[in-house]
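Me: Could you walk me through one helix and the aromatic contacts in this model? I'd like the cut-offs along the way, please.

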Amino acid sequence: MHCVQNISSHIYWVGGNDRRLELFENMFPLPGGVCYNSFMIMDEKTALVDTVDQSISRQFMENITEVLGGRNLDYLVINHMEPDHCANIEEMVRRYPSVKIVGNKKTFQMIEQFYNFDFEMNMLEVKEGDVLMLGEHSLKFFFAPMVHWPEVMFTYEMTEKILFSADAFGSFGALSGNIFSDESDFECTFAEEARRYYANIVGKFGQQVQTIMKKLSQWEIKMICPLHGPIWRNNIDYIIGKYDLWSRYEPEKKGVLLVYASMYGNTENVMNVIANSLAKKGVSHMHMYDVSKTHPSYIISDAWKFSHIVFGSPTYNLGLYYGMENVMKDMAALQFQNRKVALVGNGSWAPRAGKAMEEILCSMKNVELICQPFEITSSMKGKQQQLLDEFTARIIESMK
Ligand code: FEO
């Protein structure tokens with residue numbers, strides 16, 4: 001049975017949800033599932049904006065059939081060639097052989113790379129700024145390379161001022177009937193997952209996000225339709241503001257993220273002592289994670305949120321404990337930057353953790369080490385209390 005909704009009088013949401021998938025990109029946990037958005041514009045010409053993941057193809061095809069109501073599909077716009085959105089291109093061509101696939105040069109290179117069907121007769125290549133007339137509606141194309149892949153483009157419907165924004169402004173999490181962000185309490189239901197999605201999927205490309213946002217700033221936007229998560233028709237400035245902040249690597253909150261690895265609880269103990277001391281001195285908004293317990297994507301999301309980070313880790317095989325190395329190297333790969341950081345190193349013999357963490361931090365831009373690492377040998381001793389007080393005092397000083 002079809003499952004569609006109007007987003008305006010002639011534009012339909014024809015996407016769907018997957019609550020079974022455990023890991024997005026076979027990597028990121030999806031406790032709340034994920035949605036794949038797709039949109040059909042019905043005018044003198046019909047145009048579908050992106051398809052969906054193969055996991056929900058059946059639902060998607062029923063949606064398309066219902067909305068088209070026997071009409072032909074004239075255009076299939078491909079904003080993004082990652083297979084969670086483009087898995088149904090071949091099937092659309094099979095069902096609607098005259099459909100024109102609208103994409104840029106890189107889009108067609110990727111169709112060729114991913115799939116094995118003849119699409120030469122279906123190609124309609126567009127350039128930056130081209131306009132495609134559908135009747136009352138017209139689509140303008142803005143290239144947004146590396147938000148999140150090189151072929152990405154945004155499609156702007158000029159009459160209703162709707163932006164189809166590919167992965168940008170999206171979120172993890174399935175939709176529960178309500179497809180608009182204003183129909184649920186976004187802060188409670190999606191805000192954390194929107195940041196986790198941004199930081200881990202788009203986070204590396206802050207500069208490119210800034211570029212496309214500048215490019216679009218002269219165009220009025222009344223609705224944003226991302227490929228994942230709720231659609232924005234109210235309070236659009238909220239999500240644009242978040243993207244501006246996140247893509248400039250500016251923290252959302254003055255507070256401390258504490259991230260530790262601990263084999264037998266001794267490094268964990270120091271982190272608890274630090275958090276306790278900071279709290280007693282009036283620091284609010286702290287969040288602590290054990291890297292062995294929490295998936296890195298959640299930790300990285302909070303790294304994007306908080307102004308200060310304390311990392312604590314034991315030495316392992318004369319280097320860094322693997323879980324910690326994994327999180328920190330992932331952050332470096334995502335071009336994480338612009339934070340104040342303090343370190344706790346532990347080593348029972350030949351301690352290396354503090355140094356190893358410093359080396360990874362060195363590869364990140366504008367990451368300031370607040371003070372020398374606080375070092376313990378196996379476990380913290382009472383005689384180190386004064387040193388630890390100085391350590392926490394330096395953190396507090398840097399928060400002023
Ligand atoms: Fe949701 Fe980059 O794909």
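Me: Which exposed residues does the face of H4 turned away from its buried side carry?

Reply: Happy to help! This is a predicted model, where local features need pLDDT of at least 70, side-chain atom pairs count only at pLDDT 80 or more, and totals for chains, interfaces and linings use all residues. Residues are numbered from 1 along each chain as its sequence is written, and side-chain values use heavy atoms, leaving out hydrogens and water. With helices (H or I, at least four residues) and strands (E, at least two) taken as DSSP runs numbered from the N terminus, and exposed meaning over 50% relative accessible area, buried under 20% and partly exposed in between (1.4 Å probe, protein chains only), that face of H4 carries Lys105, Glu112 and Gln113.

Me: Why are the buried residues of H4 on the same side, and what arc do they cover?

Reply: H4 spans residues 105–114, and its buried residues are Thr107, Phe108, Met110 and Ile111. The arc is taken from the directions from the helix axis to the C-beta atoms. They sit on the same side of H4 because they cover an arc of only 160°.

Me: Which residue caps the N-terminal end of H4?

Reply: Look for a polar contact, a pair of N or O atoms within 3.5 Å; within protein, one must be able to donate a hydrogen and the other to accept it, and residues adjacent in sequence count only if both atoms are side-chain atoms. Here a side-chain oxygen lies 3.0 Å from the backbone nitrogen of Lys106, and the capping residue is Asn104.

Me: How many aromatic pairs does the count come to?

Reply: Rings of Phe, Tyr and Trp (its six-membered ring) pair if their centres lie within 6.5 Å; planes under 30 degrees apart are stacked, over 60 edge-to-face and the rest tilted. By this rule, the count comes to 26.

Me: Why is the pair of Phe24 and Phe172 classed as it is?

Reply: Phe24 lies in strand E4 and Phe172 in the loop between strand E15 and helix H5, 148 residues apart. Both of these residues are buried. Their ring centres are 5.2 Å apart and their planes are at 70°, so the pair is edge-to-face.

Me: Over the ring of which residue does the charged end of Arg233 sit?

Reply: The test is that NZ of Lys or CZ of Arg is within 6 Å of the ring centre and within 35 degrees of the ring normal. The charged end of Arg233 is 3.8 Å from the centre of its ring partner, Phe180.
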